[in-house]
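Here are a few short exercises to work through with the model open in your viewer. Try each task before reading its solution.

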Amino acid sequence: MLGFNGLVGIALLYVAFLFGVAFAAERRAAQGRDGWLRSPWIYTLSLSIYCTAWTFYGAVGYAARSGLEYLTIYLGPSLVMLGWWWLLRKLVRVGRAQRITSIADLISSRFGKSTLLGVIVTLLAVVGVTPYIALQLQSIAQSLDVFAGPGDTAGDGGSVALWSAIGLALFTILFGTRNLDANERHHGIVMAIAVEAVVKIGALLAVGIFVVWDLGGGPSAMLARIDASPIAAWEQSGGRWVGFTLLSAAALLCLPRMFQVLVVENADESHLGTASWAFPLYLLLMSLFVVPIAVMGLERLPDGSNPDMFVLTLPLAEGRDGLAAWAFLGGFSSAASMVMVATIALATMVSNHIVVPLWLHARAQGAVMSGDVRGMVLISRRLSILGVLGLGYLYFRLSGGGAALASIGLVAFVGVVQVLPAMLGGLFWRGATRNGAAAGLVIGFAVWLWSMFLPSVGDGTAIPAAVMTQGPFGLAWLRPQALFGSEGLDPVLHAALWSLVLNSMAFVAVSLASFPGPVERLQGAQFVGVFDHSGGPGGWARGAADAETLLVMAQRILGSAEAQAIFARAAAAQGRDGALPDVTPEFIRALERELAGSVGAATAHAMIGQMTEGASVTVEELIAVADETAQIMEYSGRLEQKSAELERTAMALREANANLTALSVQKDGFLSQVSHELRTPMTSIRAFAEILREGGLAPDEQARFAAIIGDEAGRLTRLLDDLLDLAVLEAGQGRLDMRRVVLSEVLDRALAAALPDPGGLRLLRDRATEAVEIETDPDRLAQVFINLIANARKYCDAAEPELRIVWRPEPGAVDFIDNGSGIPAEQGRVIFEKFSRLSDPGRAGGAGLGLAICREIMTRLGGAVRHLPGSEGTTFRVELPRNAAALAIDQPVAV
Amino acid sequence: MPLPGGEDTRPGRRPIFLARASYRRRRLRDAALLAPLAAGFLWALPLLWPRGDTPASRVLVYLFATWALSVLIAVLLARALRRAARAEES
C-alpha cells in the first residue's frame, strides 16, 4: 500500500511540475509566444476553479447524504453560462472597459468609485471566503490522512494544512504578483490551473470509469445498483432544488475567484462563446460519476466511512493505489487552484481597497513625494496574500475541521451572493445609487452573519444555545434560524432567503429615496449602456498636474518602461513630437484607467486626484467651481459695465467741465475785449465832449471836435451792431430767407456795397462762370462777400492791389484772391476768432468781429469760410453748402 | 441577374437580403436569451414527478440527457452568434 511518505513525495513532485509549467508559461508569455495561452480552451479550463475540493470530494459525500441534490451546484452555473449573451457578456465588457480588478472594484467603480463600497465588499468577501479557504486546507489534510497508516505520526492534520498553506502562499506570491496590473493575465497561474483542471477531471473520470465498469459491471447494471441503493428514491425538496440552483448560479457571478477568472483574466470577449458550452460540459463530466461513486462507496465500504473521502477510499479499498494517488492529486489540484485564485482575488481587493487607501491617507503629502508606490503596492499585495492564507489557516485551526465539507461551501455561497443585488442593479438599473448599494450590502451581510455564519462556527460557540432557541433578549422573532417566525425552513434556504430579500429591499428602497452624485450617474450610464457608448467616464475637467509629475507617478505604479510607452502613445495620438503629451482631461481619464488596472478604480481616482492640485477633483467640485465661476463672471461683467458707465460719465463730466471752463475763459476774454473796444471810443467822446462844454473854442474847432464825437459814436454803434449780429448768429436765432438766386447777382450787390468807389483795387471776374443758380439767403451771403471784399481793400498791401473772384464748380466755392503779402499760416487759424486783428488795429476800422460773423453766417448756411494758406497773396474761400453747389452745377443759367 | 464580376446592387434585392439577415440575428439573440430559461424549466421539471415512486436513476438519466442537449444547443448558438457578429462587423 502506498505510504503516507510516498504520497507526500508524489505531491511534492507534482508541485514541482506545476512550478515548472508556470515558469514555462511565464517565459513563453514574456517572449511574446503566448498565442495559445490566450485560447478559449485555457479560459474555459481556468473557469474550472469553480470545482474545488468541495466538489471533488464533497460532491460524492453530498450525493451519499442527499441524493441528486448535489447536481444543483452545477446546474446553476450551467444556466449562467447558457445565458452568457445577456449577462456575462455585459459583465466582461464592463470589466474590460473600466479595467476592473475585482468584484469589490466593480461595485466601487459602478457607484461613483466609492471607497466605502470597496471596503464593504472586501470585508464581505474576506469573511465569506476565508472559511472556504480553510475548507481546502482541511481537504488536503483529510485526504493525506486517508493514506496515513496507523504508524504514521507525521499525519497530523494541523501541520499538513500549515505546510500546504505556506507552499500555496509561496506559489501565489511568486506567480500572482509578478506584474502589478491585475488586468494582465497571470499566465503562470492560469497555466497551472489549466493543468490542474485536466488532472482533476481526469482523476474523477478515471475513478468513475473504474467504479462503473470494473466494479459496477457497466452502465445499466450501475443504474440498477443506484435504484437499489439508499438514495434510490426521488424525494427531492422543491424549495431546496430551485433555491440551491439559483444560489450556485449567483455564486458563479459573485465568488471573488470566479469573478477573477471570468472577468478580470478574460483576454477576449469571444472566449465566452466557447466557454458557454465547454464549461457546462466540464461540469457535466465532473458530476457524471458522482452518484455511481457514492452508491458504490455506500455499498462496499464499511458503515461509518466518511462519504466525503469515497473518491480516495474506494480505489484504496480495491487495491488500486495508482488510481488513488491520481485521485489524491486531483483533489489536491482542486484545492490548490482554488486557494491560489481566491487568494489573489482577495489579496487584490484587500490591497487595493483597504491597505493602499490607508497608506495614501497616512501620507498626507501624497503620492508625488512618496517613495516607490509600485513596490509598496506589490508588498501590500504580497502581505495580503499571506494575511488571507493566514486567516484561512487560523479558521481551520479554530473550527477544528469538524464540520462537514459541504455546509461550509454553502455558507460561503450565501455570504458572497450578497453582492448580487448591487451587481445586477448596477449593470441594469441606472437608478441604483451608492447609498442603496451600501445599505443593501450592510443589511444582507448582517443578516447572513446572524442567521448563517455565526451558527455555522459550531453549536453554542459564537451564539449561545439559548439565543438560538429563544432569540436575543428573548425576542423570538430574531432567532437566527427562524427570523420573523419563519420556522421549519431549511437553514440554508432560510438564511439565503432573508438575507437576499432584506438586502434587495434595502438596496431598492434607499436607491429610490437617495440621489446619486454626478460621478455615480456618469458611471451608472457607462455601466448600464456599456454597449452603446465607449467614451470614458467623466471626472477630470482640468489638468492642473503637469505631464512630468504624472509620468513620475505612473512610473512608480506601472513601471518605467510601460508608463513611458503609455505617455509616448498619448503624445503621438495628440500629434506631438516629444515623449510627454498635453494633460488633457481625456488623457487623465485614460491614465486613470491604466492605473485602475493596477490599484483599483477608487485608489487610482484618489491618486490622480492628489496629482491634480493635491486633492481629488470630483465632478461635484467641478460643478460647484463652474457655478462659482459663472457667478463671478456675471458679477464682474456687471461691475465692468458699471465701471465703464462711470468712466463714460466721468469723461462727459470732464468734457463738460472743460467746455465750461473754456466758455468761461472765452467769456472773460470776450468781456474784457468788448470793454476794451467800447472804452477807446468812449474815452475820446468823453474828452471832446468836456472840451466843448468848457467853451471858448473857435467854431471850426467846435465843428471838428463834434465830428470826432460823431465818428466815434458811429464806431460804437457799428461795434454794438456787430456784437448783436454775432450774438444772434451764435445763438442760432434769426430767420434765414432762403431763395434761389444767381451767384453773380449776389456778387454784384456785395461789390456795390463794399466798393462804392473801386479806388485803387482792381477787380478780376469771370462773369460767365459765375452765372450759376444757387439756393441760399442772398442778404447773408452778400454780407460775407462784403466783409471779404472790404478786408481785401483794407489789408492788401501790394503796389497795385487787385482782387480776383473765382467760382470753383468742383468743391462749389467762391475764392477771393488778392495779390498782397498774405497772412502767415499760424495766424490764418486765429483770424476767424472774435476781436482778432492782424498787426495794425488802426487800419481795421472795425472791432475785429467781421470774419467771426462771416464764419457764423456760413455755418448757419451750411457752408464754410476758410483761409487757404500757401497761395500767392491772401485767399479766402467761401464754400457753399453741398446741395446749393449741386444745384449750381446741374442748372447753369445763361446770362 | 448580377453583372459579371460585380455585386448585385439593384434596388429591391439588397434590402430584402439585409433585412432577412438582421432579422435572423435578432431572433438568434432572442434564442440566446431564452436558452437559460428553457434549460431552467427542463431541470426543474423532475420536481413535478411523483416523489417516492420515481426511481433516482430515471431522474439522473433525464437530467444528464437534458444537460447534454443544452450543451449541444449552446454549441450551435455560440457558433451562430459568432458568425452573426462577424457578419455585422464586415
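**Exercise 1.** Take stock of chain A: how many helices and strands are there, and what percentage of the residues is buried?

*Solution.* Start with the secondary structure of this predicted model: chain A has 36 helices and 7 strands. Next, turn to burial, taking a residue as buried under 20% relative accessible area. Of the 895 residues in chain A, 53% are buried. Then look at the surface: about 37,700 Å² is exposed, with 60% supplied by carbon and sulfur atoms. Finally, consider contacts between residues at least 6 apart in sequence; 79% of these join residues at least 24 apart.

**Exercise 2.** Work out the strand order of the open sheet in chain A, and explain why one side of E2 and of E6 is left without a neighbour.

*Solution.* Tracing across the 5 strands gives E2-E4-E5-E7-E6, with mixed pairing. Strands E2 (762–765) and E6 (864–867) of chain A stand at the edges and have a single partner strand each, so one side of each lacks a neighbour in the sheet. From one strand to the next, the twist averages 15°.

**Exercise 3.** Describe how E6(A) pairs with E7(A), and find which strands helix H35 of chain A touches.

*Solution.* First, the pairing: E6(A) and E7(A), residues 875–879, run antiparallel and are joined over 4 bridges. Zoom in on Val865(A), and you will find Val878(A) of E7(A) opposite. Now add the helix: H35(A), residues 850–861, packs on the sheet and touches E6 and E7 of chain A. The direction of H35(A) makes about 140° with that of E6(A).

Note on methods. Residues are numbered from 1 along each chain as its sequence is written. Chains are lettered from A and ligands numbered from 1 in the order in which they are written. This is a predicted model: local features need pLDDT of at least 70, side-chain atom pairs count only at pLDDT 80 or more; totals for chains, interfaces and linings use all residues. Side-chain values use heavy atoms; hydrogens and water are left out. Two strands pair if DSSP finds at least two bridges between them. Helices (H or I, at least four residues) and strands (E, at least two) are DSSP runs, numbered from the N terminus. Axes are lines fitted to C-alpha atoms, for helices over the stretch in contact, and angles run from 0 to 180 degrees between N-to-C directions. Contact means heavy atoms within 4.5 Å. Buried means under 20% relative accessible area, exposed over 50%, partly exposed in between (1.4 Å probe, protein chains only). Accessible areas come from the Shrake-Rupley method with a 1.4 Å probe; for residues, only the protein chains shown count as cover.
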